[in-house]
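The following explanation leads the reader through one structure, residue by residue and element by element. Please keep the sequence and the 3D view at hand while reading.

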Amino acid sequence: MPYLGSEDAVRELRRALSNPNVQSDQLRYRNTVLKAIRAMSQGVDVSDLFSEMVKACATVDIVQKKLVYVFLCSYATLNPELSLLVINTLRKDCQDPNPMVRSLALRNMTNLRLPSLVEYVEQPLAAGLRDRAACVRRVAVLGWAKLHNLQPDAEIDAAVVNELYGLLRDPDPVVMVNCLRALEEILKKEGGVAINKPITHHLLNRLKESDVWGQCEVLRILQRYHPQSEDELFDILSLLDASLVSPHPPVMAATLGLFLGLCSGLPAVSLAALERVRGPLLAACGSTSRETRFTALCHIQLLLRSLPGLMGAHYKRFFCGYAEPAYIKQRKMQVLVELVNDENVAMLLDELKGYCTDVNPETAQAAISAIGRIGRSYSDRCLEILTGLLGLKQEHITSAVVQTMCDLVWVCPQCSDTVCSALEGCEEMLQDSQGRQALLWLLAAYGERVSSAPYTLEGFIDRVRSEASLGVKMELLTTTMRLFLCRPSETQDMLGRLLHYCIEEEMDMCVRDQALLYYRLLHCGIEETHKVLHGQRSDPSLGVLIGRPAEPINQWAYSFNTLEPLRQAGVETEPASRGSPEHVTFDPKPNTDLSDTLNCSQIEKLGTPISGQLLPFFFAEPLKFHQVGWGASVHSHFQISPEMFNRVQVRALAGPLKDIHRVVPKPLLCYLGCVLRFVVLLEDEPSPQSEVQSALEHVFIQDVSVHCCIHLSLNPD
Amino acid sequence: MISQVFILSSQGDHLIYKDFRGEAGSDVVSVFYEKVTALTGDQPPVVMSHGDLHFVHVRQGGLYWVATTTSPGSSPFTIIEFLNRFSALVKDYCGSLSEKSVQMNFALIYELLDEVVDYGYIQTTSSDVLKNFIQTEAVSSKPFSLFDLSNVGFFGAETQQSKVAPSSAASRPIQSSREQGGRSEIFLDVIERMSVVIGSKGVVLKADVEGEVRVKCFMPSCSEMRIGLNEEFSIGKSQLRGYGAAVRVDECRFHQNVHLDEFHSNRVLRLCPSQGEQTVMQYQLSDDLPSAPPFRLFPTIERDSGGRLLMYLKLRCDLPSKRFVVISALSQELSSPDQSAELKLQNRAIDWKIPRFIGGTQLSALFKTSSPPPHPSPPPPPVGPVVLVFELPQLTVSGLQIRFLRLSPVQPAPSQRWIRYVTHSDSYILRL
């Protein structure tokens, strides 16, 4: 951001730089150059000084030279002609007796990034490869990679490539590693540097000479190597064993990555390697650097997928520290949930209970939902804690507890009695839409057992005019309908009022359509309504958390030691921030990985018991639409080309599917069985027999035997 | 492979920006700052993406140290470790890490970056190698202060204070030793971090210690250094040595330059320290501390008839009676005038500060809520845990001691060796 008077500053600097008095005084000259660079790094555009800087480059003062080069490399691309003037100085410096000056000149010559200068650079670079100083060779080797990337289409000089291969035997380890890096870039089209047996063995033997960074690079490149025999493989593994428990997390991670790659056919060996890295990984979890801690935690989560018992005995290491940031606390809680077993459950729950009252509401919510997840296996203890938390009468805690209970009863119907009795009277404490939606869903499912349910609903209906959340309104409609089915005398009146309001006064299309749908459904008779609305209240098949099968390592090995585990973190916690789910739009792209994680067998398993579910499609013609939000479920049976559903928008996710968390990657948590609503808006007027429609019907009926109501021609206002 | 490295102040000012591969423009700096400040507290900020570009950052010294990369397959461990190492280098060269010191030494930092990374590939971060290349002098940001003179006695006589290095002695640029010539110093720090959870009944639920031995060397050239640890030092549960009280750790890791040939027999580490700071040894100890935790709390919580909260806290320090400086957090009504307490509404916590806490004594505090709670009959609000934040100088919880620190061959110039011990609280939680 250029600040006021930056032009003056530049003019001032130019005057100073071209002042012969300044130029003759080395210190003053250097300080003036320094000022220019300072202005540059503060964001002032000082490119006008280029020609003065070119002159300043010809000096014996190395500090000044370095400063000028920083400037020249930043602005060279803007001044290609003037840069030509620098080349002479640089080429002269390449002959300097001081190796530091030579390497400096060579490095900056290649950093100018001007294709027009390539012809002047090649000769010094070639000489640099044979320089007697290692620091010059290091620079020269990488210089060839830079040249190649400047002209990616130019033919690769076989002589240079050969020389680089030869330099793999250079006595300097950094030159060796740089050769690997340069060859990897130059030969990218051919799949990178050739990794054969002699090269591999050479690299492995010299591994110890390199520093941490060199070792990581070598280990990464060696992942492409395929040992010819099992003996050779085991030789390599035992050679690398010391690196596996290296105190440096980068080396440890790179070695494990290589182990997993080499042993992809030998799961037992891979598992043993995971056991070996337990110590170093735990140490990284206790590192002073938060970021290292976080990275280690994310990778431990990966490892736990294949070896759930790996950290069982060390659960205390995952207790949250007082001053840790929320994102680390949440990761730790996710790990703790995985580590639960009969011995430690009491300690663990006690610890988690302590986090529930954390000052940070997000941490508190994460702790509560962690308790809920443990509750799937230890429901009594967890319910006791959860109901205890309701007694605190804190808004965010109550909301999180109700949401957690809602998830819990879906998996463990045996909890429903406790939950029903706990629900009484907590509606006053619920302020956010997610919490109220969860409460409504619970009332819909267990309304006949909560004596105050109609009064609660009445309160909601009285306030419906001021209700802002679409999700709550939709949920309210469904709940009132379902409660009407089991307690008609108490609810008939309020249902009438609600439907009247929604159909006559409500502005939101979605709510209106939903209300109209219910209205027509009631016309069809109570039997029909019952069939459609009486959904399932729980899904025991969703499984217990503990004792879930260990995944094969290959499922995640490719993402080990990449940025992916850390980024997935982002995706997963986003819904945890409980953004309103009703307008979530799935891009077609994320869907591809969704369908990877959710295979259809799971959906089919879920599908059978839930016939009689509601899955309305609304087709409204004039709304411009390009979206097919193709949820998550059906990809393999889906024969029709996806372009058909350019973009489907998931407008509202009702039922316990209030939280996208369930749909996104974790297969265990996908409550696909319930009421998943797609609002499909088509650009053209669909004919009733249109291909799209029949395809949808086909798909849904085949995969999840769902009752599919399609409403045509709802007149849009 | 790193595409760019930049340093931002916490206000988003651009301090340092260097592009190594020309894959993205400098406008991403602002993009990064917008992204990182828009995150809510629970979203992990470490890795963020903007199109094809991935930002990885660490926070050190109140600054953002950011590296960008275009390949999602880059190792996060490597990049984060590199950023941490780079910030440590900057600290070594500039003396301290702050917005000001980075601003003043930007030329030095550009020079460092130039040598450390070439074309996005990390070349070296060893200060031994770098010292041959780095030419720029560090600019010290410390203003002249009269207090510096207080160490000089009348007529230049040695005072008591001049025999003790001030705590800031180690935070100066490593290069200055080259000019000042005389001050070739070595600091050996044993730093332990405790994380302890004590349950409401006084039961120790968890007690972990993470320790490290750090060497900060200001000698331009140092030959070999020998560090002797306690002879009873043992690693793991099974291995016990000697007859006295064993000093035991669960796991121990050494810097790769440490020679361990004398370690097994005599518990001596040999190494040639490079200039600047490095961690020689890291160790950890879980659950089985050799001594009881240093602080215990005896709380009494009552409610009077009006629902007011009365909290009486008695904090006992179970350390041998030496003098300890304790900076402690939580609660108020104080038994001595130099303590203070403050109610922090934002954190909903009471901050009880005890400037000095003598071992073997106890302090007490009484806190009362003055207004009755708002609702007529509310459930008692829970009182959160007490968290202690302290620093125990001259003490290691594990009992690790340095027997000796020898330089061989004996240095020609007089060298000063400082050995310091300190235990910090990483997270010391006492449940009520």
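Arg436(A) is buried, with a relative accessible area of 16%; buried means under 20% relative accessible area, exposed over 50% and partly exposed in between, with a 1.4 Å probe and protein chains only. This is a predicted model, in which local features need pLDDT of at least 70 and side-chain atom pairs count only at pLDDT 80 or more, while totals for chains, interfaces and linings use all residues. Residues are numbered from 1 along each chain as its sequence is written, chains are lettered from A and ligands numbered from 1 in the order in which they are written, and side-chain values use heavy atoms, with hydrogens and water left out.

Arg436(A) belongs to helix 24 of chain A, which spans residues 433-446. Helices (H or I, at least four residues) and strands (E, at least two) are DSSP runs, numbered from the N terminus. When residues up to four places away in sequence are not counted, Arg436(A) touches Leu430(A), Gln431(A), Phe460(A), Glu467(A) and Val472(A); contact means heavy atoms within 4.5 Å.

The helix holding Arg436(A) falls within a longer annotated stretch. According to the UniProt annotation, from an unreviewed entry, residues 12-522 of chain A are covered by "domain: Clathrin/coatomer adaptor adaptin-like N-terminal". UniProt positions are given in the numbering used here, feature names are shortened, and annotations may be inferred rather than shown by experiment. Over residues 12-522, chain A is 71% helix and 0% strand, and the end C-alpha atoms are 83 Å apart.

At the other end of this stretch, Leu13(A) is found in helix 1 of chain A, residues 6-18. With 10% relative accessibility, Leu13(A) counts as buried. Apart from its neighbours within four places in sequence, Leu13(A) is in contact with Thr32(A), Lys35(A), Ala36(A) and Leu49(A). Leu13(A) and Arg169(A), by comparison, are 156 residues apart in sequence and 48 Å apart in space, taken C-alpha to C-alpha.

Aromatic side chains provide the next theme. A search of the whole structure finds 22 aromatic pairs over all chains. Rings of Phe, Tyr and Trp (its six-membered ring) pair if their centres lie within 6.5 Å; planes under 30 degrees apart count as stacked, over 60 as edge-to-face and the rest as tilted. One of these pairs, Phe50(A) with Phe71(A), is tilted, at 6.2 Å centre to centre and 40° between the planes. Phe50(A) lies in helix 4 (residues 50-57) of chain A and Phe71(A) in helix 5 (residues 62-75) of chain A, so the pair ties together parts that are 21 residues apart in sequence. Phe50(A) is buried at a relative accessible area of 1%, and Phe71(A) is buried at 0%.

In chain B, Phe6(B) and Tyr17(B) form a tilted pair, with 6.3 Å from centre to centre and 35° between the planes. Because Phe6(B) lies in strand 1 and Tyr17(B) in strand 2 of chain B, the pair ties together parts that are 11 residues apart in sequence. Phe6(B) is buried, with a relative accessible area of 0%, whereas Tyr17(B) is partly exposed at 21%. Ring pairs link Phe6(B) and Tyr17(B) with Phe32(B), Tyr33(B), Phe55(B) and Tyr64(B) into a cluster. Tyr64(B) also has a charged partner, as Arg59(B) lies over the face of Tyr64(B) at 4.1 Å from the ring centre. A charge sits over a ring if NZ of Lys or CZ of Arg is within 6 Å of the ring centre and within 35 degrees of the ring normal.

How are the five strands of the open sheet in chain B ordered? The order is 2-1-5-4-3, with antiparallel pairing; two strands pair if DSSP finds at least two bridges between them. Strand 2 (14-19) and strand 3 (47-50) of chain B are the edge strands, each pairing on one side only. The twist averages 20° from one strand to the next. Helix 4 (residues 106-116) of chain B packs on this sheet, touching strand 1 and strand 2 of chain B, and its direction makes about 25° with that of strand 2. Axes are lines fitted to C-alpha atoms, for helices over the stretch in contact, and angles run from 0 to 180 degrees between N-to-C directions. Strand 1 (residues 4-8) and strand 5 (residues 63-69) of chain B are antiparallel partners over five bridges, and Gln4(B) stands opposite Thr68(B) in strand 5.
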